[in-house]
Amino acid sequence: MKAAAALEVPRRRPDWLRFKLPSFIALLVLWQVSAMLIADPALFPTPLATLETGYLHLMTGELLFSLAVTLARVAVAFFFAMALGSAIGIALGRSQPMDAIFGGWLSIALNMPALVTIVLCYVWFGLSETAAIVAVTINKAPTVAAIMREGARALDRQLLEATQVFGVSRWKVLRHVVLPQLAPSFIASARAGLALTWKIVLVVELLGRPNGIGFQIRTFFNYFDIAGILAYSLAFIAIVLAIENFIVQPVERRTGRWRTA
Amino acid sequence: MIGLTLEGITRRFPAEGPGETTEKTVLQDISLAIEPGAFVTVVGPSGVGKTTLLRIIAGLDHGFQGRVAWSENRQPKIGMVFQEPRLAPWLSVIDNLLLIAAPGARAEALDLLDLVELAGSENALPRQLSGGMQRRAALARALLAKPDLLLLDEPLISLDSTRAERLRSHLVGYWQARKPTIVMVTHDFVEAVELSSRVIALAPESGRIALDRTIPLPHPRRVTDPAEAALLDELRDLARDWPAPSHTTEEGEAAPRASNAAMRLLTI
Ligand SMILES: Nc1ncnc2c1ncn2[C@@H]1O[C@H](COP(=O)(O)OP(=O)(O)O)[C@@H](O)[C@H]1O
Ligand SMILES: [Mg+2]
């Protein structure tokens, strides 16, 4: 009976086949057509020319090396920003006095322009890897802290009281009561942060690193190599989307399952 | 078995509305000795401070005056059914129970779920259960704690009457078999008179104890017995000017009754 019922459901093509792929192709066509109309390959190369440039850089190993260097910076800064931001956010969310005292600092940190922290870090710590990582971390941690603070504020107090009465150990409370409630905030801040982090990493590289996507883009900028800029950007976008689709979203679905009615 | 003494418990809450300036006194100078192994029910109109009293005993309230002292020189193991089910929505029913238990309690947890007529629902998430089923899961959780002291805040409210009847007799059975000290809040005088070894009524306005009676009668009891009927009359007399409680009853679902295996839990 179950099998029969399953057969009756009309088979629908997956969403990406029906909408995403056609719209993606439409974007490429639009690009190709407008590039042909503008007819200035140096100023606005076609998708094919961009692909060719990308292929050349892939073959020399330059593209993969830059991607790897930038991704490594993103990963390290992301890790530190998540750790630092979560710790601050949970502390502020759990303690009203802490929030009263340091909440204002967080507002300032949130509104600090990224460029200012980057420039100051390079001035204070020199044009070093440490300065780059610190700058990105300082830029992203406040966003994480703000989101985690909301999550920690919304912890179910009734449930915590219940575990207290029953004398549940701190570790079990953390593992089974606190973390499941913070998981959605953690993922939301990871997601908000990931996009932010890689953008800031590019700026950091552009301003003071001898390698990475951002450095490459500065080099291409110096030579007005638009195809190079586009090729490197698209390669990076592809990586970021892959991370989003194959890591962030599956994790999000897993942790949010109990919420769906 | 553990007993407890309340000495001069007074609880004031700050005024709530912007217009109100005076603080609200819900419990006033409550002094009470509860002997080890007693089954005390607390009755009183809504808002009189019954829940607050349980929270004070449980150590969850920090703003009261007075003292809670234990008959032994140790903190008792407490099992509590709150006014709300308070189950973790991301944990299955069985995992909610195991969260508060020592390792290796699974078999007993399943038996207790069976006893509260939730056999077969152990893997459900709380949101998949009705409100009444969640309350029963909370009752099973409280019993799984192997409590010296069982604090019950209207545990059988909103259950349909025949099931409530069965669970009442299970509760008495559990009390007789395991001898925990029980403090149970209820709005149901019949329940109070049928189950407990002592009834305490809190008076509205004053926040003091209006009535304190021991019930030295054997179980099972019948409210038609003269001694019980007299106490019931006394309570109803007392409650004539209390506002009526509002509560709803869940429809009876076709859930299994407790199996014989689960009933073993109630043997001495
Ligand atoms: N945390 C609180 N803050 C302010 N007032 C409270 C608080 N908790 C309880 N009260 C007040 O104390 C009174 C008694 O509450 P409660 O103990 O829940 O009564 P009962 O359980 O007898 O219905 C209520 O009027 C309620 O408004
Ligand atoms: Mg109450």
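# A tour of chains A and B

Start in chain A with residues 64-92, a span that is 100% helix and 0% strand, its end C-alpha atoms lying 41 Å apart. The model on screen is a predicted one. The UniProt entry, which is unreviewed, lists residues 64-92 of chain A as a "transmembrane region", along with 21-44, 104-125 and 220-243.

**Other spans of chain A**

Select residues 220-243 of chain A next. The end C-alpha atoms of this span are 26 Å apart, and the chain here is 88% helix and 0% strand.

Now widen the selection to residues 67-247 of chain A. The unreviewed UniProt entry annotates this range as "domain: ABC transmembrane type-1". Helix makes up 89% of the span and strand 0%, while the C-alpha atoms at its two ends lie 18 Å apart.

**Two packed helices**

Show helix H3 (residues 47-60) and helix H11 (residues 226-255) of chain A together. Their axes are 8 Å apart and the helices pack at an angle of about 75°. Angles of 65 to 115 degrees count as roughly perpendicular, and H3(A) and H11(A) are therefore roughly perpendicular to each other. To see the contact, display the side chains on both helices. H3(A) contributes A:Thr50, A:Thr53, A:Gly54 and A:His57, and H11(A) contributes A:Ala227, A:Gly228, A:Leu230, A:Ala231, A:Tyr232 and A:Leu234. Of the residues in this contact of H3(A) with H11(A), 5 are nonpolar, 5 are polar and none is charged.

**A lysine in helix H7**

Move to A:Lys140, in helix H7 (residues 129-153) of chain A. Is A:Lys140 buried or exposed? Its relative accessible area is 0%, so A:Lys140 is buried, the limit for that being under 20%. Which residues does A:Lys140 contact, leaving aside neighbours within four places in sequence? They are A:Phe78, A:Ala81, A:Met82, A:Ser189, A:Gly193, A:Leu194, A:Leu196 and A:Thr197. For a distance to check in the viewer, take A:Ile213: it is 73 residues from A:Lys140 along the chain, and the two C-alpha atoms are separated by 19 Å.

**The magnesium ion**

Switch to chain B and select the magnesium ion (ligand 2). Which protein atoms are the donors of this ion? They are OG1 of B:Thr51 and OE1 of B:Gln83, lying 2.0 to 2.4 Å from the magnesium ion. The two donors come from distant parts of the chain, 32 residues apart: B:Thr51 sits in helix H1 (residues 50-58) of chain B, and B:Gln83 in the loop between strand E5 (78-81) and helix H2 (93-99) of chain B. B:Thr51 has a relative accessible area of 28% and is partly exposed. B:Gln83 also counts as partly exposed, at 34% relative accessibility.

**Backbone points in chain B**

Stay in the loop between E5 and H2 of chain B and pick B:Arg86. Phi of B:Arg86 is near 55°, a positive value in a residue other than glycine. B:Arg86 counts as buried, at 10% relative accessibility.

Go on to B:Glu117, in the loop between helix H3 (106-115) and helix H4 (131-144) of chain B. Here too phi is positive in a residue other than glycine, with a value near 65° for B:Glu117. The relative accessible area of B:Glu117 is 1%, and the residue is buried.

For a different kind of backbone feature, select B:His219 and B:Pro220. A cis peptide bond joins them, with omega about -10°. B:Pro220 is found in the loop between strand E9 (209-214) and helix H7 (226-238) of chain B.

**Two last stops**

B:Gly3 lies in the segment before strand E1 (4-13) of chain B. With a relative accessible area of 1%, B:Gly3 is buried. Beyond its neighbours within four places in sequence, B:Gly3 is in contact with B:Ile34, B:Glu35, B:Pro36, B:Ala69, B:Trp70 and B:Ser71.

Finish at B:Thr181, in strand E7 (residues 181-185) of chain B. B:Thr181 counts as buried, at 0% relative accessibility. Not counting residues up to four places away in sequence, B:Thr181 touches several residues, among them B:Ile34, B:Glu35 and B:Pro36. Those three are also among the contacts of B:Gly3. Others touched by B:Thr181 include B:Asp148, B:Leu149 and B:Leu150. From B:Thr181 to B:Ile78 is 9.7 Å, C-alpha to C-alpha, with their positions 103 residues apart in sequence.

Conventions: Residues are numbered from 1 along each chain as its sequence is written. Chains are lettered from A and ligands numbered from 1 in the order in which they are written. This is a predicted model: local features need pLDDT of at least 70, side-chain atom pairs count only at pLDDT 80 or more; totals for chains, interfaces and linings use all residues. Side-chain values use heavy atoms; hydrogens and water are left out. UniProt positions are given in the numbering used here, feature names are shortened, and annotations may be inferred rather than shown by experiment. Helices (H or I, at least four residues) and strands (E, at least two) are DSSP runs, numbered from the N terminus. Axes are lines fitted to C-alpha atoms, for helices over the stretch in contact, and angles run from 0 to 180 degrees between N-to-C directions. Angles under 35 degrees count as roughly parallel, over 145 as roughly antiparallel, 65 to 115 as roughly perpendicular and the rest as oblique. Contact means heavy atoms within 4.5 Å. Ala, Val, Leu, Ile, Met, Phe, Trp, Tyr, Cys and Pro count as nonpolar, Asp, Glu, Lys and Arg as charged, and the others, Gly among them, as polar. Donors are N, O and S atoms within 2.8 Å of the metal (3.2 Å for Na, K and Ca); water is not among the atoms, so sites may look incomplete. Buried means under 20% relative accessible area, exposed over 50%, partly exposed in between (1.4 Å probe, protein chains only).
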